[in-house]
Amino acid sequence: MRALEQTSLNGPADLRLITDAPVPVPGPGEVLIRVVAAGINFVDVSQARGTFAGGPQPPYVAGIEAAGEVTAVGEGVESELGTHVVGVSIRGGAFAEYLVLPGVAALPVPAGWDDEQALGLVVSWPTALAALRPLGGLVAGQTVLIHAAAGGTGQAAVKMAKHYGATVIATASPEKHDVVRGLGADHVLSSRSTDLAAEVLRLTDGVGVDLTLESVGGPTLDASLSATKRVTGRVVVFGLPAGEAALSNWDLVYKHQVQLIGLNIGILIQTTPQLYGEIMGELFRLLAAGVLGPSEPTTYELADGPKVLTELESRTTVGKLALLP
Ligand SMILES: NC(=O)c1ccc[n+]([C@@H]2O[C@H](COP(=O)([O-])OP(=O)(O)OC[C@H]3O[C@@H](n4cnc5c(N)ncnc54)[C@H](OP(=O)(O)O)[C@@H]3O)[C@@H](O)[C@H]2O)c1
């Protein structure tokens, strides 16, 4: 089958189209899908750079998220052949014509939706929701700072935060600001600014936001901590495209007296399946209420994968992206 194979840890430019990848065979508890659309996530870039902890070693077939048609099932799986599902496989393999998914991780594509419209349902949206509500504790009337607000995860976060009655301060590269305003963000700041903390403090009468969704890292982590309310403010850390940043116990005692929370959706799914179930239940309520609609990813041919992932890494993309094998 055709697939995109990562051949080094030097980034997405070393992703190669191959035509002789073996079609995987579903084991017990697994399903095989014919991939109709594969979702692109920043994690694909992290894996290609070797910065994803415990990530795959090259050569590997890249991609963790896909939607498609069930064509075979392993022992003990009840999914019917021909059903359309969306799922995530952290072992990779989604940028290909066929993918094996754990049966429990394969969710039916919502009725009336095309497969590509279900991308986001299993990675970006639950991450955004986990950060806002069960972990971030956002309630109506509070203010939330959302970074990378024009991205796949950020766009969902902005829509949900507005639905929950929050004031949204969003950051994005300047050319994406109209998109973010269109989602309902109250204030949009440049993610390229070196003065972000001061700008957020100006917008919040000097006290800072109640919650920050920290998905950038590097120098932005310090800006996020400085822009968050002392004592009661929460900072949920779930991404570091700008790199690692040091934070000491001294910082937490004397400089940033905030509540710091780490989030990794894969670990949340594994260790607290009940919480994940509650998050998915709430997501479906948000879908029914029209807060989130079918995803509208920008789609590309499988062969364009290296180019699109390079663009994602260089911050020029907007919204959810997908590859069509
Ligand atoms: N922990 C988890 O379980 C989990 C799950 C899903 C996603 N995430 C994280 O959530 C974030 C968003 O993921 P996504 O897949 O939806 O990607 P995305 O937001 O569509 O794309 C990443 C965006 O991050 C911003 N960014 C800021 N500094 C950057 C830098 N130095 N390099 C690259 N991008 C930078 C860019 O937006 P601007 O240029 O507009 O600022 C860029 O467009 C990522 O950090 C990802 O790792 C974490």
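# Notebook: loops, strands and a domain interface

**Entry 1, an odd loop residue.** I started in the loop between α5 (196–203) and β12 (211–214), which is where D205 lies. Its backbone caught my eye: D205 is not a glycine, yet its phi is positive, about 50 degrees. Note to self: this is a predicted model, and every angle I jot down here is computed from it.

**Entry 2, a cis peptide.** Next I looked for unusual omega values. P58 and P59 are joined by a cis peptide bond, with omega at about 0 degrees. Where does P59 lie? I found P59 in the loop between α1 (42–49) and β4.

**Entry 3, the sheet with β4.** That loop took me on to β4, so I traced its sheet. I got an open sheet of three strands in the order β2-β1-β4, with antiparallel pairing. Which are the edge strands? They are β2 (15–18) and β4 (60–61), each of which pairs on one side only. I then checked how β4 is held: β1 (residues 3–6) pairs with β4 over two bridges, in the antiparallel sense. At residue level, I see Q6 opposite Y60 in β4. Reminder on what such pairing involves: strands of a sheet pair through backbone hydrogen bonds, either parallel or antiparallel.

**Entry 4, β3, β5 and β6.** I moved on to another set of strands. β3 and β5 are antiparallel and share eight bridges. One residue I looked up there is V35, whose bridge partner in β5 is G68. β5 also runs antiparallel to β6 (residues 84–88), and five bridges join these two. On that side I noted E69, with H84 as its bridge partner in β6.

**Entry 5, salt bridges.** How many salt bridges does the rule give? My count comes to eleven. I picked one that involves E69 again: E69 forms a salt bridge with R34, and the closest N and O atoms are 2.9 Å apart. R34 belongs to strand β3 (residues 30–40) and E69 to strand β5 (residues 65–73), so this pair ties together parts that are 35 residues apart in sequence. I like that E69 turns up twice in my notes, as a bridge partner of H84 and in the salt bridge with R34.

**Entry 6, two domains.** I zoomed out to the domain split. Domain 1 covers 3–121 + 295–324, and domain 2 covers 124–266. Their centres, taken over C-alpha atoms, are 28 Å apart. The contact takes 14 residues from domain 1 and 13 residues from domain 2.

**Entry 7, the interface.** How much area do domain 1 and domain 2 bury between them? I have about 970 Å², with 54% of it on carbon and sulfur atoms. Which three residues supply more than any other three of the area that domain 1 buries against domain 2? They are G120, R315 and V318, which together supply 48% of that area. I also looked at what links the two sides. Salt bridges across the interface: the rule finds zero. Polar contact is another matter, as I found seven residue pairs across the interface, both residues at pLDDT 80 or more. Last, I sorted the side of domain 1 that touches domain 2 by class: five nonpolar, seven polar and two charged residues.

Note on methods
Residues are numbered from 1 along each chain as its sequence is written. This is a predicted model: local features need pLDDT of at least 70, side-chain atom pairs count only at pLDDT 80 or more; totals for chains, interfaces and linings use all residues. Side-chain values use heavy atoms; hydrogens and water are left out. Domain bounds come from an automatic or database domain assignment. Contact means heavy atoms within 4.5 Å. Buried area is the accessible area (1.4 Å probe) that two parts lose on being put together, summed over both. A salt bridge is a side-chain nitrogen of Lys or Arg within 4 Å of a carboxyl oxygen of Asp or Glu. A polar contact is a pair of N or O atoms within 3.5 Å; within protein, one must be able to donate a hydrogen and the other to accept it, and residues adjacent in sequence count only if both atoms are side-chain atoms. Ala, Val, Leu, Ile, Met, Phe, Trp, Tyr, Cys and Pro count as nonpolar, Asp, Glu, Lys and Arg as charged, and the others, Gly among them, as polar. Two strands pair if DSSP finds at least two bridges between them.
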